[in-house]
Amino acid sequence: MDINALREAHPDHWQRSTAIRALTLDAVAAANSGHSGMPIGMADVATVLWSKHLKFDAKNPNWHDRDRFILSAGHGSMLIYSLLYLTGDAQITLDEVKNFRQWGSRTAGHPENTHADAIEMTTGPLGQGIAHSVGFAMAEEILRARHGKQVVDHHTYVIAGDGCLMEGVSQEALGIAGRYGLGRLVLFWDNNDITIDGKVSLSDRTDQVARFKASGWHVQEIDGHDPEAIDAAIVAAKKVTDQPSMIACKTHIALGHAAQDTSKGHGALTNADQNADAKAAWGWTTGAFEIPAEIKSWWEEAGSRGAAEREAWESRLAALSDRKQAEFNRVMSGEVPKKLSSVIRALKKQNSEAAPKVATRKASEMVLEVVNPVLTETVGGSADLTGSNNTKTGDLGVFDVDNRKGRYVYWGIREHGMASAMNGMSLHGGIRPYGGTFMAFTDYARPAMRLAALQKTPTVFVMTHDSIGLGEDGPTHQPIEHLAISRATPNTLVFRPADLIETAEAWEIAFSQTETPSVLSLTRQNLPTVRTQHKNNNLTAQGAYVLAEAEGKRQAILLATGSEVEIALAARDLLQAEGIGTRVVSMPCWELFEAQDEAYRKRVLPAGPVRVAVEAAARFGWDKWLLGERGREAKAGFVGMEGFGASAPAETLYEKFGITAEGVAAKVKSLL
């Protein structure tokens with residue numbers, strides 16, 4: 001690569017893009033940590049995109065109709081930090097750039113959406129940016145169809161590297177985007193042929209261009225250091241409205257540095273002499289963290305270019321009727337309509353009296369049937385298990401190339417891609433996504449579920465067939481450890497409702513969240529209504545509550561969730577018949593119970609009585625409630641699973657594994 005030829009061919013562009021390169025070298029060197037090569041190699045692409053095409057206003061990063069920019073290759077975080085500082089973002093100051101990767105700085109090692117308004121999502125786990133961007137693009141399509149092009153009309157741009165494309169989730173994302181013709185999605189592939197171990201050819205021989213084409217994408221191949229070619233490719237991509245676009249940008253990692261085109265360029269370039277030589281090759285003569293005034297001014301002008309577009313958009317929004325403005329502002333703010341609580345209460349009252357015996361997956365569908373018409377921003381879906389997850393209601397319509405107003409997505413057998421795309425929808429704003437699969441397959445969705453919690457986005461994961469109660473499909477499909485894994489995740493609400501009433505309350509809580517994802521653990525088998533006395537209050541919001549009180553002296557407390565609450569109640573009957581006073585506590589959401597004050601938790605779980613927990617899953621995590629909260633090991637027991645399940649009818653499995661009323665009663669008596 002002839003650096004002098006690049007400098008001479010486009011001298012102004014070269015200096016502007018080199019501002020990114022220089023800031024990257026300086027910040028990584030100061031931190032003695034980070035990734036230098038990708039920002040240096042993709043600086044040309046980023047400069048053209050941000051200065052000529054990206055619709056944004058640096059002074060108003062949360063403007064709703066901005067283009068979304070996602071750095072899927074999040075290890076190259078200095079690319080976005082440099083761009084934000086240069087364009088005048090108030091949160092990413094020069095001091096923040098100097099404090100790259102340091103405690104308390106906004107400029108974390110990988111971009112985090114909670115650190116700065118202009119960072120659309122948290123990236124770092126490779127492939128997640130691509131998969132999330134599909135959800136961003138879908139949200140734009142749905143909202144444009146619903147609210148009109150005058151207020152929703154933007155693109156989603158994503159930069160991805162070789163590592164992003166190797167991760168399996170990338171193919172799930174490609175398949176979804178291609179199938180649904182997401183023409184507002186443009187992906188730049190940083191095709192530098194280098195991974196941490198060395199050349200891509202060490203581990204891969206995939207023809208990425210052919211793969212994208214086979215998945216239904218429009219594809220272009222360009223020199224990623226030629227600003228004219230970059231500009232022309234973006235113009236061409238924006239003209240393609242029925243396919244997502246991939247622009248393969250042939251680049252050199254760590255361009256102009258001694259580490260160029262080597263795996264060393266993938267890491268922190270901190271050698272002072274080599275960095276000085278690189279700057280000299282670039283023609284960069286200022287000191288560390290110094291940007292010449294004319295270059296900084298040019299970048300700030302690029303950052304303010306979108307102000308006029310934003311103001312025009314604000315005028316168009318103001319021209320809408322008061323009703324349309326109010327609805328648009330409501331859904332974009334994440335505020336739920338007041339009617340949500342009233343329809344939930346009405347459903348609870350009706351069914352506490354009718355006391356149906358239904359699976360909680362069916363109960364969930366019954367809740368959605370009354371909620372979806374009220375909460376019109378919901379978008380449902382399933383990973384090819386619609387009839388099993390019960391996530392589709394009659395009013396939604398199906399999202400497709402010819403029906404962008406549709407609110408139900410057929411995701412195909414793509415749990416990971418579905419979960420990531422749902423996060424993207426939620427982060428975009430204006431959409432409340434929920435999607436289902438079998439609970440055992442949270443394993444396939446897990447990285448995106450974790451990111452939902454980390455990003456503080458209220459995605460709802462509907463996980464049915466939640467225990468050995470699913471029966472004959474056997475141990476591959478019977479989740480044992482999955483509740484514990486979800487409960488161990490910070491900032492996640494895990495609901496395991498016992499009946500339709502608790503299911504309705506769980507949905508009300510989940511849809512009311514603004515910063516916390518929810519996992520709904522739902523049964524395949526039918527369950528009786530255990531809440532037969534109507535209460536307006538949402539008892540599930542307390543996390544745990546006394547469902548049945550002891551008669552006589554309280555000697556035992558049974559703690560249970562979901563399908564095992566029925567078993568606990570039956571065990572109570574057996575114990576009470578023998579004069580053993582037994583309280584039953586339903587615990588539909590541990591996290592919400594933990595959030596209650598000490599006085600309430602003490603009322604529910606007082607010291608003294610024997611405690612036995614009942615759950616058709618692993619014990620892991622239960623000791624918090626059995627031994628903590630005034631409990632004692634000598635008076636605590638667990639009835640549940642110690643290993644994997646088996647293939648047999650559900651009734652047989654519960655009997656063989658000892659999760660029965662008789663088994664629970666025997667456990668209590670052994671501890672008295």
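This passage describes the pockets and cavities of a predicted model, together with one covered helix and one buried arginine.

The largest pocket of the model has a volume of about 740 Å³. Its lining is made up of 31 residues, of which Asn113, Ser426, Leu427, Gly429 and Lys456 are the closest to the centre of the pocket. Two elements, α15 (322–333) and α19 (415–428), give two or more residues each to this lining. By residue class, the lining of the largest pocket divides into seven nonpolar, 15 polar and nine charged residues.

Enclosed space was examined as well, and the structure holds six cavities of 30 Å³ or more. The largest cavity contains about 180 Å³ of space, and among the 17 residues that line it, those closest to its centre are Trp50, Phe56, Pro61, Leu84 and Ala118. Strand β1 (68–71) and helix α5 (78–87) are the elements that give two or more residues to the lining of this cavity. The residues lining the largest cavity comprise nine that are nonpolar, two that are polar and six that are charged.

Trp50, one of the residues closest to the centre of the largest cavity, is also one of the buried residues of α4. This helix, which spans residues 43–53, is mostly covered, with ten of its eleven residues buried. The buried residues of α4 are Ala43, Asp44, Val45, Ala46, Thr47, Val48, Leu49, Trp50, Ser51 and His53.

The second largest cavity has a volume of about 60 Å³, and its lining consists of Pro606, Ala607, Gly608, Pro609, Arg611, Arg630, Gly631, Arg632 and Lys635. These lining residues divide into three nonpolar, two polar and four charged.

Arg630, a lining residue of the second largest cavity, is also among the residues touched by arginine 601. Arginine 601 is placed in helix α25, which covers residues 598–604. With a relative accessible area of 13%, arginine 601 falls under the 20% limit and is therefore classed as buried. Its side chain reaches the backbone oxygen of glutamine 596 at 2.6 Å, and the side chain of arginine 601 also makes a polar contact with the side chain of glutamate 598, at 2.8 Å. When residues up to four places away in sequence are not counted, the residues that arginine 601 touches are Phe593, Glu594, Gln596, Glu629 and Arg630.

Technical notes. Residues are numbered from 1 along each chain as its sequence is written. This is a predicted model: local features need pLDDT of at least 70, side-chain atom pairs count only at pLDDT 80 or more; totals for chains, interfaces and linings use all residues. Side-chain values use heavy atoms; hydrogens and water are left out. On a 1 Å grid over the protein atoms alone, a cavity is a set of points where a 1.4 Å probe fits but cannot get out, and a pocket is an open set with protein on both sides within 12 Å along at least five of seven lines; lining residues have an atom within 4 Å of a point. Grid points are joined across faces, edges and corners, and a volume is the space filled by probe spheres set on the points. Helices (H or I, at least four residues) and strands (E, at least two) are DSSP runs, numbered from the N terminus. Ala, Val, Leu, Ile, Met, Phe, Trp, Tyr, Cys and Pro count as nonpolar, Asp, Glu, Lys and Arg as charged, and the others, Gly among them, as polar. Buried means under 20% relative accessible area, exposed over 50%, partly exposed in between (1.4 Å probe, protein chains only). A polar contact is a pair of N or O atoms within 3.5 Å; within protein, one must be able to donate a hydrogen and the other to accept it, and residues adjacent in sequence count only if both atoms are side-chain atoms. Contact means heavy atoms within 4.5 Å.
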